[in-house]
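Me: I have a model to go through with you. Let me put it up, then I will ask short questions.

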Amino acid sequence: MSTPLVLLPGDEVPSDHLPPANNNPLKLGPGLKLLSEPTPASEKPRHVLTATQAGILSTDAKRNTVSLLSFPNRRYIPTVNDLVIAQIHHSSADYFHCMVTPHTAHALLGQLSFEGANKKTRPMLKQGELVYARVLSVGLGAGAEVEITCVNPATGKADGGLGPLVGGMVFDITTGMAARLIRASSSSPDDDDAVDGLVVLSELGRKLESIGGFEIAVGRNGKVWVDCSNAGDSAVKATIALGRCLQGTDEHNLNPADQKKLVSKVLREFKLA
Amino acid sequence: MSREANLSVAEREFVLEALRQGQRLDGRQADQYRPLSISFGEEYGHVKLQLGKTSLVVRISAEVTKPRDERPFDGLFNINVELSAMGSPAWENGRSNDAEAYVANVVDRVVRHSNALDTESLCIVQGVSCWSIRADVHVLDFDGNLTDAVCIAVMTGLQHFRRPDAVVRDGQVIVYGIDERVPVALNITHKPLSVTFNAFNEGKNLILDASLKEELASEGELVIGINNGGEVCFLSKFAGAPVDAHDIVEKSNVALEKVKEINARIDKVLLADLSRRGKKGMMEESRAENDREIDSRTTTVV
């Protein structure tokens, strides 16, 4: 991989860093915006891709996406297509009102935005239950309503494990770490990514396989849901170990070697490996 | 919105189940504090404290005022706890909330009502002037157990603070600046601290120094204010799940142990800071036996 390109807010994304042009539309990740540049009326309007946050530019030619890998921020700003872990606050006739971030306006989740849901059969979620959802729209301007969904509107399927999360435990991490985790899980495991260097999950997966593995859902809003219910008696220990490994990696910004050390240290403490 | 957002069902269940198995989220023992770090600012009585991720600053200040009419021999001492939006998104600036009232009340009772600071020593002229000591608490980050953190910080601040020296001459009160005369330490009669336990699973699990997530899942709180001598000066079990009387006795012993530990820590950091400050002030600086420092300006001219 070439040297990473660092962008500051307001910087233009150089066109040679974009994936080669093809017929598919280019998808923008969080932290990037398409702005139209003021030009004389006679000319064609020019558009520039601009960074709205500081971060490292990352492109994926296969999926035709370009996104910005931001710094480990704590504040989450919803962006369309983000995967989030939301908590049901209350329910109304058409919507579940969900907390994506505490103490901000509630996000709306349609009562029927679940796989296979219709007027007769739909999930009856109560206050405090969790859903894994995708941001559908964020609206325009301040105070606009954020809508999330647990189903892909095009296919009607809940791809990527969207839907209610039952059991398990949620750990808080920085949004930057959440973004890294999502990227790490989408890239192939043998791909040695110089920007990410995140091996904590694959390491944990390898070591916890013997006790039944674990399920994990990463929300871009800085939450990780972990479930080890297959692990039987050591489920609680394994879950806590997972949470501590993830938070430790996040807090101390560990490099791959230290991540491995942390994982074996924590697992030894809990006598899991 | 003046309350912390509720935990999700999954989180609450997990915290309770983990405690039933004797596990805490951060791998601590039931009777273990998070790492505590205390540092001082440039001035006397400026304390920065971190207990895990809970972080706060305490400033102690003093001014000369008129004593209360009903207590002409007493100085004034106030602890001012204000939770601003910096500490947690749940708190709003300029609007008091339950947490603020609760913490202020407990700290007031543990530190002020137990007479940890001898207010009679603050009197300058009976009925005319006295020192008013004020402790301002600013919470920078909140991750549970604010009460203990505030108590430790206020007590450290009171022991670190030096008030200007004041004398009465011909009925006139003269207050000397910090540089003019060696400032005076406050008269601390004893060192009480609060130790907070949170109850879970119908009072079966009692844990020390709960983090925010644990606090939100908790069913009740047991606060013990105790000093180094083992004298309990405050005990509260306001609401929530009942706690066995036997547990209260047992936890008081744990609290005593913890208070001794923390007070030893405070003494250590105070000593380290005071020796770092070393010889300062006009009296010390003007002594003949001090090393002569060559002014940098003169050397450049030469």
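Me: What radius of gyration does chain A have, and does it agree or disagree with a compact globule of 273 residues?
Reply: This is a predicted model: local features need pLDDT of at least 70, side-chain atom pairs need 80 or more, and totals for chains, interfaces and linings use all residues. Residues count from 1 along each chain as written, with chains lettered from A and ligands numbered from 1 in written order. The globule rule is 2.2 Å times the number of residues to the power 0.38, over C-alpha atoms. That puts a compact globule near 19 Å, so chain A agrees, at 20 Å.

Me: What share of chain A is buried?
Reply: Buried means 20 or more other C-beta atoms within 10 Å of the residue's own, with C-beta atoms placed from the backbone. Of the 273 residues in chain A, the buried share is 36%.

Me: Which helix gives the most to the largest nonpolar core?
Reply: Such a core joins buried Ala, Val, Leu, Ile, Met, Phe, Trp, Tyr and Cys through C-beta atoms within 7 Å. This one has 134 residues, and A:Ala86, B:Val150 and B:Val154 have the most contacts inside it. Helices are DSSP runs of H or I, at least four residues, numbered from the N terminus. With nine residues, the top contributor is helix 3 (residues 146-160) of chain B.

Me: How many strands does chain A have?
Reply: Strands are DSSP E runs of at least two residues. Alongside four helices, chain A has 15 strands.

Definitions and conventions
Buried ≥ 20, exposed ≤ 12 C-beta atoms within 10 Å, placed from the backbone.
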